[in-house]
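Subject: Structure handover and findings

Hello,

Here is the structure I promised to pass on. Please open it and keep it beside this email as you read.

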Amino acid sequence: MTPLSTVLDRLREKGYGRELIITGDRAHFEGEPTAYEPSQLTIVKVYRFEGESDPADMAVIYAVRSDDGQVGYLLNAYGTYSDQDNPHYDDFIRGVLVDEQEDL
């Protein structure tokens, strides 16, 4: 299994190095002022990591593209340890279209 850090490094090499930050019903890429609604984003690749012995090791990375061409990633714990401190996370991510690309 490929380590999470290796996937993040590969995404950075392909230009997906900025984190997507969800704030309420909108999100923005790290360091960028433009805020996006879920309908303006597409998940282009999903990477899941499952800890063999520790559920705390479960995580998901979404490679994301905006409709104006910005790209980045969203990283979150998976399952029990998901982003429970952000009450908008689940609703937001459910509203994002998934159209996976094989080249990432």
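A salt bridge here is a side-chain nitrogen of Lys or Arg within 4 Å of a carboxyl oxygen of Asp or Glu. Keep that cut-off in mind for the charged pairs below. Please also note that this is a predicted model.

**Overall layout**

The protein has two helices and six strands. Along the sequence they come in the order α-β-β-β-β-β-α-β. There are 104 residues, and 37% of them count as buried. Take the contacts with a separation of 6 or more: 53% of these are between residues 24 or more positions apart.

**Charged pairs**

How many salt bridges does a search of the whole structure find? The search finds four. Three of them are described here, beginning with Arg18 and Glu32.

The side chains of Arg18 and Glu32 form a salt bridge, with N to O at 3.2 Å. Arg18 sits in the loop between helix H1 (4–13) and strand S1 (20–23), while Glu32 sits in the loop between strand S2 (26–29) and strand S3 (41–49), so this pair ties together parts that are 14 residues apart in sequence. Glu32 has a relative accessibility of 33%, so it counts as partly exposed.

Next come Arg26 and Glu37. They form a salt bridge too, and their closest N and O atoms are 3.1 Å apart. Here again distant parts of the chain are linked: Arg26 belongs to strand S2, Glu37 to the loop between S2 and S3, and eleven residues separate them. Are these two buried or exposed? Arg26 is partly exposed, because its relative accessible area is 32%. Glu37 is partly exposed as well, because its relative accessibility is 35%.

Asp91 and Arg94 make another salt bridge, at 3.6 Å from N to O. Both lie in helix H2 (residues 89–94), three residues apart, so about one helical turn separates them. Asp91 counts as exposed, because its relative accessibility is 56%. Arg94 counts as exposed because its value is 63%.

**A charged residue without a partner**

Now look at Lys45, in strand S3. Lys45 is buried, yet it has no salt bridge. Which side chain of opposite charge is nearest to Lys45? That is Glu100, 4.3 Å away. The cut-off for a salt bridge is 4 Å, so this distance does not qualify.

What does Lys45 touch, leaving aside residues up to four places away in sequence? Its contacts are Ile61, Tyr62, Ala63, Glu100, Gln101, Glu102 and Leu104.

**Strands S3, S4 and S5**

S3 and S4 pair in the antiparallel sense over eight bridges. In this pairing, Val46 stands opposite Tyr62 in S4.

S4 also pairs with strand S5 (residues 71–77), in the antiparallel sense and over seven bridges. One bridge joins Val60 to Asn76 in S5. S4 and S5 form a hairpin with four residues between them. Gly69, in the turn, has a positive phi of about 95°.

Why is S4 described as largely enclosed by the rest of the structure? Strand S4 spans residues 59–66, and seven of its eight residues are buried, so the description fits.

**Helix H1**

Which residues of H1 are buried? They are Val7, Leu8 and Leu11. Viewed down the axis of H1, the buried residues fall within an arc of 100°, so they line one face of the helix. Their cover includes S3, S4 and S5. Just after H1 comes Gly15, with a positive phi of about 95°.

**The aromatic pair**

The structure holds one aromatic pair. Its members are Phe29 and Tyr36: the ring centres are 5.7 Å apart and the planes stand at 70°, so the pair is edge-to-face. Phe29 is buried, because its relative accessible area is 0%. Tyr36 is buried too, because its relative accessible area is 3%.

**Where to look**

If time is short, start with Lys45, which is buried without a salt bridge. Then go to Phe29 and Tyr36, the edge-to-face pair. Finish with the hairpin of S4 and S5.

Best wishes

Key: Residues are numbered from 1 along each chain as its sequence is written. This is a predicted model: local features need pLDDT of at least 70, side-chain atom pairs count only at pLDDT 80 or more; totals for chains, interfaces and linings use all residues. Side-chain values use heavy atoms; hydrogens and water are left out. Buried means under 20% relative accessible area, exposed over 50%, partly exposed in between (1.4 Å probe, protein chains only). Lys and Arg count as positive and Asp and Glu as negative; His and the chain ends are not counted. Contact means heavy atoms within 4.5 Å. Two strands pair if DSSP finds at least two bridges between them. The arc is that of the directions from the helix axis to the C-beta atoms. Rings of Phe, Tyr and Trp (its six-membered ring) pair if their centres lie within 6.5 Å; planes under 30 degrees apart count as stacked, over 60 as edge-to-face and the rest as tilted.
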